[in-house]
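This report asks to be read alongside the sequence and the three-dimensional view, which are shown first.

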Amino acid sequence: MHEQYGDQVQFVGVAGRADLSAVNDFIASTGVNGFVHAFDGDGSIWAEFGVVSQPSFAFIDAAGNAEVEFGRQGEDSLTERLDALL
């Protein structure tokens with residue numbers, strides 16, 4: 001999705017509830033290092049969006065309104081959500 005929409009949508013990975021070295025290992029091993037990542041060591045970012053487990057996705061529009069989807073999202077679902085943001 002980042003390759004397709006990265007020039008139109010800001011992607012931010014938010015990792016939490018792990019130690020920083022595990023987060024860095026995950027980023028390196030999965031190849032998701034092409035966009036910004038935030039470390040949420042105390043869970044405050046997750047709490048702000050009501051996230052209690054991974055994977056979760058927060059879609060935030062230009063006005064700052066957020067909608068959170070919990071669980072895995074397929075390519076079609078993500079494409080639909082990102083197109084709606086644009």
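The sections below describe the core, the paired strands, the main pocket and a few individual positions.

## Basis and nonpolar core

The coordinates are those of a predicted model. In this model the largest nonpolar core consists of six residues, namely Tyr 5, Val 9, Phe 11, Phe 59, Leu 78 and Leu 82. In soluble globular proteins, nonpolar side chains tend to be buried together.

Within this set, Val 9 can be followed further: once its neighbours within four places in sequence are left aside, Val 9 is in contact with Leu 82 and Leu 86.

## The S3–S4 hairpin

Strand S3, residues 56–60, and strand S4, residues 66–70, run antiparallel and are joined by five bridges. Across this pairing, Phe 57 stands opposite Glu 69 in S4. The hairpin of S3 and S4 has five residues between the strands, and in this hairpin Gly 64 takes a positive phi near 90°.

On the other side of S3 in sequence, the loop between H3 and S3 holds Pro 55, which is joined to Gln 54 by a cis peptide bond with an omega of about -5°.

## The largest pocket

The largest pocket encloses about 1,400 Å³ of space. Its lining is made up of 42 residues, and those that lie nearest the centre are Val 12, Gly 13, Phe 35, Ser 56 and Phe 57. Two or more residues of the lining come from each of strand S1 (12–16), helix H2 (20–30), helix H3 (44–49), S3 and helix H4 (75–85).

By residue class, the lining of the largest pocket divides into 27 nonpolar, 13 polar and two charged residues. Phe 57 thus links two parts of this description, as a residue that stands opposite Glu 69 in S4 and as one of those nearest the pocket centre.

## Ala 38 and Gly 43

Ala 38 lies in strand S2 and, leaving aside its neighbours within four places in sequence, is in contact with Val 12, Gly 13, Val 14, Ala 15 and Ile 45. The C-alpha atoms of Ala 38 and Gly 16 are separated by 8.6 Å, although the two residues are 22 residues apart along the chain. Ala 38 is classed as partly exposed because its relative accessible area is 24%, a value that falls between the limits of 20% and 50%.

Gly 43 has its place in the loop between strand S2 (36–40) and H3. With a relative accessible area of 8%, Gly 43 falls under the 20% limit and is therefore buried. Gly 43 and Ala 15 are 28 residues apart in sequence, and their C-alpha atoms are 8.9 Å apart in space.

Terms used:
Residues numbered from 1 in each chain as written. Predicted model: local features only at pLDDT ≥ 70, side-chain atom pairs only at ≥ 80, totals over all residues. Heavy atoms only, no water. Core = buried A, V, L, I, M, F, W, Y, C linked by side-chain atoms within 4.5 Å. Buried < 20%, exposed > 50% of the residue type's maximum accessible area, 1.4 Å probe, protein only. Contact = heavy atoms within 4.5 Å. Pairing = 2+ DSSP bridges. Helix = DSSP H or I, 4+ residues; strand = E, 2+ residues; numbered from the N terminus. 1 Å grid on protein atoms, 1.4 Å probe; cavity = no way out; pocket = protein on both sides within 12 Å on 5 of 7 lines; lining within 4 Å. Points joined across faces, edges and corners; volume = space filled by probe spheres on them. Nonpolar A, V, L, I, M, F, W, Y, C, P; charged D, E, K, R; others polar.
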